[in-house]
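Dear colleague,

I am handing over the structure below, and the notes that follow it set out what I found there. Please read them with the coordinates open beside you.

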Amino acid sequence: SAWDRWQLTNATDPSVLMITNSGLSGEDVEAAMKAFYESLYSPPLPSLESMVKDPEMRKTARSKIATSVCNIYEEIYNDMTNSEKGGYDDTGFLGHTPTQVKTLFSA
């Protein structure tokens with residue numbers, strides 16, 4: 001993914017801004033964030049009810065998925081809003097803070 005490529009680039013050359021990487025232009029990120037936010041209201045995950053019969057296992061799976069998504073979102077959000085990493089003049093495409101995303105996932 002573009003995020004993975006940028007992480008590798010950043011590890012070897014921290015002066016490279018996210019916005020200069022393929023797939024991370026302002027337009028690319030805006031489209032990706034729009035799709036991500038829409039998925040918060042209608043998750044693109046398979047129904048755990050049909051896949052996992054044990055209610056406790058379903059609860060654990062949901063919790064781990066939510067935690068993982070929220071942690072990655074927070075990392076992306078923090079890097080994009082850091083002027084030394086992101087390079088975006090306008091981060092208006094980041095419609096939700098990490099805290100708001102966590103709240104939406106817990107609803």
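The protein has five helices and zero strands, where helices (H or I, at least four residues) and strands (E, at least two) are DSSP runs numbered from the N terminus, and along the sequence the pattern reads α-α-α-α-α. This is a predicted model, in which local features need pLDDT of at least 70 and side-chain atom pairs count only at pLDDT 80 or more, while totals for chains, interfaces and linings use all residues. Residues are numbered from 1 along each chain as its sequence is written, and side-chain values use heavy atoms, with hydrogens and water left out.

Taken along the principal axes, the C-alpha atoms fill a box of roughly 50 × 30 × 20 Å. Of the 107 residues, 29% count as buried, buried being under 20% relative accessible area, exposed over 50% and partly exposed in between, with a 1.4 Å probe and protein chains only. Among contacts (heavy atoms within 4.5 Å) with a separation of 6 or more, residues 24 or more positions apart account for 61%.

In α1, the buried residues are Ala-2, Trp-3, Trp-6 and Asn-10. They cover an arc of only 95° around the axis, which puts them on the same side of α1; the arc is that of the directions from the helix axis to the C-beta atoms. An α-helix has 3.6 residues a turn, so residues three or four places apart point the same way. On the other side of α1, Leu-8, Ala-11 and Thr-12 are exposed, and what covers the buried residues of α1 includes α4.

Glu-75 sits in helix α4, which spans residues 55–81, and counts as partly exposed because its relative accessibility is 37%. Beyond its neighbours within four places in sequence, Glu-75 is in contact with Trp-3 and Gln-7, whereas its C-alpha lies 13 Å from that of Trp-6, 69 residues away in sequence. Asn-21, in the loop between α1 (2–12) and α2 (26–41), counts as buried because its relative accessibility is 15%, and leaving aside neighbours within four places, Asn-21 is in contact with Trp-6, Thr-9 and Val-16.

The largest nonpolar core, meaning a set of buried Ala, Val, Leu, Ile, Met, Phe, Trp, Tyr and Cys residues joined through side-chain atoms within 4.5 Å, has 19 residues, of which Met-33, Tyr-73, Met-80 and Leu-94 touch the most other members. The elements that give two or more residues to this core are α1, α2 and α4. Not counting residues up to four places away in sequence, Tyr-73 touches eight named partners in the list Met-33, Phe-36, Tyr-37, Leu-94, His-96, Thr-97, Pro-98 and Val-101.The second largest pocket is an open set of points on a 1 Å grid over the protein atoms alone, where a 1.4 Å probe fits, with protein on both sides within 12 Å along at least five of seven lines. About 320 Å³ of space lies in this second largest pocket, the volume being the space filled by probe spheres set on the points, which are joined across faces, edges and corners. Its lining (residues with an atom within 4 Å of a point) comprises 16 residues, of which Trp-3, Ala-32, Met-33, Ile-72 and Ile-76 lie nearest the centre. While α1, α2 and α4 each supply at least two residues of that lining, α4 gives the most, with six.

With best regards
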